[in-house]
Amino acid sequence: MNKIYLFPILTIVSLAACSTAKVRILPGENVNKVVSTDYEKDDAEEAAIKEATDYCQKQHRRVAFVNQDNKSKYTGSMDESTRNTVRKASKAAMILGGPVGVGTDSGAAGGILGGAGIVGHEMTNDRDYKAEWDFKCI
């Protein structure tokens, strides 16, 4: 396989291959709390739901979320819209630019684009979404 195509494929696979959420269960007397943080809102929510469900299943019960207002929150220091734009653009730049100077006819252009993508990725590489939900095992 040509080096030009190998890097983007590996990058996409590595970005989608693993769960990155940090999840904690805080047991309570009547109500438990699950706290999940991740890079993307949907991933934080999915991890919170999975962890709460697993916690209750271990007790041979079902999970019931207590509040209807359970929502994820953006907790990053950058404006959320700007963060999401930079994050998407950096992924595209890393895929299109490839590794710095490797596998491109114009190594400098590819390297600059890939380098810009890496900088953007680092700027937005925090677990900026937090799902903090109350639940019971019934």
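This dialogue walks through a predicted model, from its fold elements to one disulfide and one polar contact.

Reader: What should I know about the model before reading it?
Author: It is predicted: local features need pLDDT of at least 70, side-chain atom pairs count only at pLDDT 80 or more, and totals for chains, interfaces and linings use all residues. Residues are numbered from 1 along each chain as its sequence is written, and side-chain values use heavy atoms, with hydrogens and water left out.

Reader: How many helices and strands does the chain have?
Author: Helices (H or I, at least four residues) and strands (E, at least two) are DSSP runs, numbered from the N terminus. Here there are 4 helices and 5 strands. From the N terminus, their order is α-β-β-α-β-β-α-α-β.

Reader: What share of the residues counts as buried?
Author: Buried means under 20% relative accessible area, exposed over 50%, and partly exposed in between (1.4 Å probe, protein chains only). Of 138 residues, 28% are buried.

Reader: Which cysteines form a disulfide?
Author: A disulfide is a pair of cysteine sulfur atoms within 2.5 Å. That rule yields 1 disulfide. Cysteine 56 pairs with cysteine 137, and their sulfur atoms are 2.0 Å apart. Cysteine 56 sits in helix 2 (residues 41–57) and cysteine 137 in strand 5 (residues 129–137), so the bond ties together parts 81 residues apart in sequence. Both cysteine 56 and cysteine 137 are buried.

Reader: Is the disulfide of cysteine 56 and cysteine 137 left-handed or right-handed?
Author: Read the torsion about the S-S bond. For cysteine 56 and cysteine 137 the torsion is about -80 degrees, so the disulfide is left-handed.

Reader: Which side chain does aspartate 134 join in a polar contact?
Author: A polar contact is a pair of N or O atoms within 3.5 Å; within protein, one must be able to donate a hydrogen and the other to accept it, and residues adjacent in sequence count only if both atoms are side-chain atoms. The side chain of aspartate 134 meets that of lysine 33 at 3.0 Å. Aspartate 134 is in strand 5, and lysine 33 is in strand 2 (residues 32–38).

Reader: Where do aspartate 134 and lysine 33 fall on the burial scale?
Author: Aspartate 134 has 18% relative accessibility, so it counts as buried. Lysine 33 has 25%, so it is partly exposed.

Reader: What else does lysine 33 touch?
Author: Contact means heavy atoms within 4.5 Å. Setting aside neighbours within four places in sequence, lysine 33 is in contact with residues including Arg24, Leu26, Trp133 and Phe135. On the same basis, the residues aspartate 134 touches include Val31, Phe65 and Asn70.
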